[in-house]
Amino acid sequence: MQIAVVGAGYVGLVISLGFSKMGNKVICIDKNSRIINTLKKGIPTIYENGLAEMLIDCQLNRNLCFANDLKDAVEKTDIIFIVVNTPTKSNWETDLSQIYEVIDELSKIIESYKIIVIKSTVPVGTQKCIEKRLIKNGLSRQKFDIVSNPEFLREGTALEDFLHGDRFVIGSDSEKAKKVMKKLYSSFGIEIVFTTPETAELIKYSSNAFLATKISFINEIANLCNKVGANIDTIAYSMGLDKRISPEFLKAGIGFGGACLPKDIKSLAKVGDRYGCDLDIVKSVIAVNEKQKTIPVKILLDKYNDLKGKNITILGLAYKPNTDDIREAPSLYIIKELLKRGAIINCYDPGVSSDIKRIYPQITYCDDIYTSLTGSFCAIICTEWNEISALELNQVKNNMKIPMIIDGRNTLDLEKVKNSGITYYSIGRG
Ligand code: UGA
C-alpha cells in the first residue's frame with residue numbers, strides 16, 4: 001500500500017520503517033529539513049534498537065523515502081498517518097496545534113479520497129473535532145475518512161513492539177476505512193480491535209494510565225516496606241505470580257518519567273475534569289509519582305543536613321535504560337534540588353544526550369562510571385543501565401569519600417551490597 005507518514009519523530013520514524021519492512025511504499029515527511037536530510041543519508045535521528053540497520057535496508061529496497069513536501073506525498077499515497085507531537089500544556093491540557101496545522105494543510109491539498117489516520121496520542125473527542133475542522137475548511141466529506149489508530153510502542157523496543165505487538169486498535173465510523181486498515185495490518189498477524197473513534201482514543205490513555213497506576217501502587221507499598229522492614233522485590237515477585245496481576249510494571253523506584261506516561265495521565269485527568277468526572281485514582285497516581293522523586297534528596301538531607309559544597313554523583317540520567325531520552329526523567333528533578341542546595345554534581349550516563357548538557361551546563365559529565373564517583377559523598381542511581389547494575393562495589397567504596405548509595409531503581413544485588421561496607425538505601429528493600 002502507498003502510505004504517507006507526517007512527522008519523522010520517534011513514532012513516525014518507527015512506523016515508517018515498520019510499514020516499509022512489511023512491503024508497503026512509505027513516504028515519511030517532516031518540515032524539519034535537518035531531520036529529513038539526516039535520515040536520507042541513512043543516519044538515525046533517534047536512539048533505538050535495530051533502527052540503524054533497518055533504515056538503510058528500507059531505503060535500499062526503495063520502500064521508504066524521506067521528503068519535506070506534503071503535497072507531493074499526499075498525491076502519491078492513499079493513507080496519511082499523522083504522527084506529530086501532542087505535548088501537555090502547563091494546565092495539563094493537550095496542545096493539539098501541530099495536529100491542526102497538518103489538518104489545515106491537508107484541507108488545501110487533498111483532491112481525491114484519502115484515509116487520514118491519527119496516530120498521535122489525542123484526547124477523546126479529537127477525531128470528531130478534526131472531522132468538523134476539515135469540513136469547515138471546505139474539504140468535501142466524500143474525500144476523506146478518519147481513523148484513530150493509537151500506538152503502544154515503548155522506547156528502546158519500539159520496532160519490535162510495532163512488528164510483534166499485542167494488538168492494533170482501529171477506531172472509525174467508516175466501514176470503508178476499516179476495511180483498508182484491516183488489509184494494511186492483517187499481514188502482521190496481530191489481533192486487531194475495531195471500535196468507535198472515542199473508544200480507540202480512550203484505550204490509549206487507559207492503557208498508559210493503568211501502567212502508571214501499577215507503578216505508583218507498587219511504589220506506595222515500597223515506601224511502607226521501608227518503614228516495616230519488608231522487601232518489595234519479594235512482594236512484587238509473589239504478586240506477579242498471580243496471573244490476574246502479571247509481573248510487569250511492578251518494579252518500585254523513584255517514579256516513572258518519559259515523554260508518555262506523565263503527559264498522558266495528566267491529559268486524562270484533565271479530560272475527566274472537562275466532562276465533570278473526577279478521576280480520583282488517576283490524580284493520586286500523579287501525586288504519588290511526584291512524591292516518589294523527592295525521596296533521594298530527603299534521604300540526603302536526613303543524613304547530612306547541609307549539602308553545600310558536597311560532591312554527589314548521579315548514576316544514570318535517562319528516564320529508563322537503553323535510551324538517551326531525558327524527558328520528565330526523575331534525574332532532572334533530583335539534580336535541580338541538589339543544585340539549589342549547593343551540592344557539586346558529577347554524573348554518568350552511557351547514553352547521555354546533549355539536551356541535558358544544555359539544561360545543566362554547571363555539572364560535570366564523566367565518561368567513566370568510577371571517575372564520576374571519586375570523592376563523592378553519595379551516589380544516587382536514577383537509571384538501571386546494565387553497567388550501573390554491574391558496579392564493582394569494592395572499587396565504588398575505594399573511590400568514594402563516604403561510601404553511600406541511594407538506589408532509586410533497586411538495581412544492585414542486595415546480597416552483594418550487604419557485604420560491601422557501603423551504606424545502602426533503596427526503595428522498599430528493607
Ligand atoms: C510507555 C508505555 O509503556 C507504552 O506502551 C506506550 O506506547 C508509550 O509509553 C507511549 O505512550 O508512547 P515508554 O514511555 O517507552 O512507554 O516507557 P516505559 O517502559 O513504559 O517506562 C516508563 C517509565 O516507567 C520509566 O521511567 C520506567 O523507569 C518506569 N517504570 C516502568 C517503573 O518505574 N517501574 C516499572 O515497573 C516499569
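This passage describes the ligand site, the salt bridges and selected residues of a predicted model.

The ligand is surrounded by a shell of 20 residues, of which E151, L153, E155, K204 and N208 approach it most closely. By residue class, the shell is made up of ten nonpolar, eight charged and two polar residues. Helices α9 (197-228) and α11 (261-274) are the elements that each supply two or more residues to this shell. Of these, α9 makes the largest contribution, with four residues.

Polar contacts to oxygen atoms of the ligand involve both side chains and the backbone. A polar side-chain atom of E151 is placed 2.7 Å from a ligand oxygen, and a polar side-chain atom of K320 is found 3.0 Å from an oxygen atom of the ligand. At L250 the contact is instead made by a polar backbone atom, at a distance of 3.3 Å from a ligand oxygen. The ligand taken alone would expose 720 Å², and 91% of that area is buried by the protein.

Charged pairs were examined next. Side chains of opposite charge can pair when their charged atoms come close. In the model, 26 salt bridges are present. Three pairs are described here, together with the accessibility of their members.

The pair formed by K89 and E93 has its closest N and O atoms 3.8 Å apart. With a relative accessibility of 39%, K89 is classed as partly exposed. Its partner E93 is likewise partly exposed, at 28%. The residue W92 is found in the loop between β4 (79-82) and α5 (97-109), and its backbone is considered further below.

A second salt bridge links K263 to D264, with a separation of 3.3 Å between the closest N and O atoms. Both K263 and D264 are buried. For D264 the relative accessibility is 2%, and this residue therefore counts as buried, the limit being under 20%. D264 belongs to helix α11, one of the elements that give two or more residues to the ligand shell. When neighbours within four places in sequence are left aside, the contacts of D264 are with T121, K204, Y205 and N208. Two of these residues, K204 and N208, are among those that come nearest to the ligand.

A third salt bridge joins the side chains of K283 and D273, at an N to O distance of 2.8 Å. Because K283 is located in helix α12 (residues 280-292) and D273 in helix α11, this pair ties together parts of the chain that are ten residues apart in sequence. Both members are partly exposed: the relative accessible area is 27% for K283 and 39% for D273. Elsewhere, salt bridges with shared partners connect K128, D173 and E198 into one network.

The surroundings of L338 were also characterised. This residue lies in helix α14 (residues 330-340). Its relative accessibility is 0%, so L338 is classed as buried. Apart from residues up to four places away in sequence, L338 touches V297, L300, L307, I312, I314, A343, I345 and I380. By the classes used here, Val, Leu, Ile and Ala count as nonpolar, and the residues touched by L338 are therefore nonpolar. The C-alpha atoms of L338 and R141 are separated by 56 Å, and the two residues stand 197 residues apart along the chain.

Finally, the backbone angles of two loop residues deserve mention. Most residues other than glycine have a negative phi. R62, which is not a glycine, has a positive phi near 60°. The position of R62 is in the loop between α3 (51-60) and β3 (64-67). At 68% relative accessibility, above the limit of 50%, R62 is classed as exposed. A positive phi is also assigned to W92, at about 75°, although W92 is not a glycine either. In contrast to the exposed R62, W92 is partly exposed, with a relative accessible area of 30%.

How values were computed
Residues are numbered from 1 along each chain as its sequence is written. This is a predicted model: local features need pLDDT of at least 70, side-chain atom pairs count only at pLDDT 80 or more; totals for chains, interfaces and linings use all residues. Side-chain values use heavy atoms; hydrogens and water are left out. A residue is near a molecule or strand if one of its heavy atoms lies within 4 Å of it. A polar contact is a pair of N or O atoms within 3.5 Å; within protein, one must be able to donate a hydrogen and the other to accept it, and residues adjacent in sequence count only if both atoms are side-chain atoms. Accessible areas come from the Shrake-Rupley method with a 1.4 Å probe; for residues, only the protein chains shown count as cover. A salt bridge is a side-chain nitrogen of Lys or Arg within 4 Å of a carboxyl oxygen of Asp or Glu. Buried means under 20% relative accessible area, exposed over 50%, partly exposed in between (1.4 Å probe, protein chains only). Contact means heavy atoms within 4.5 Å.
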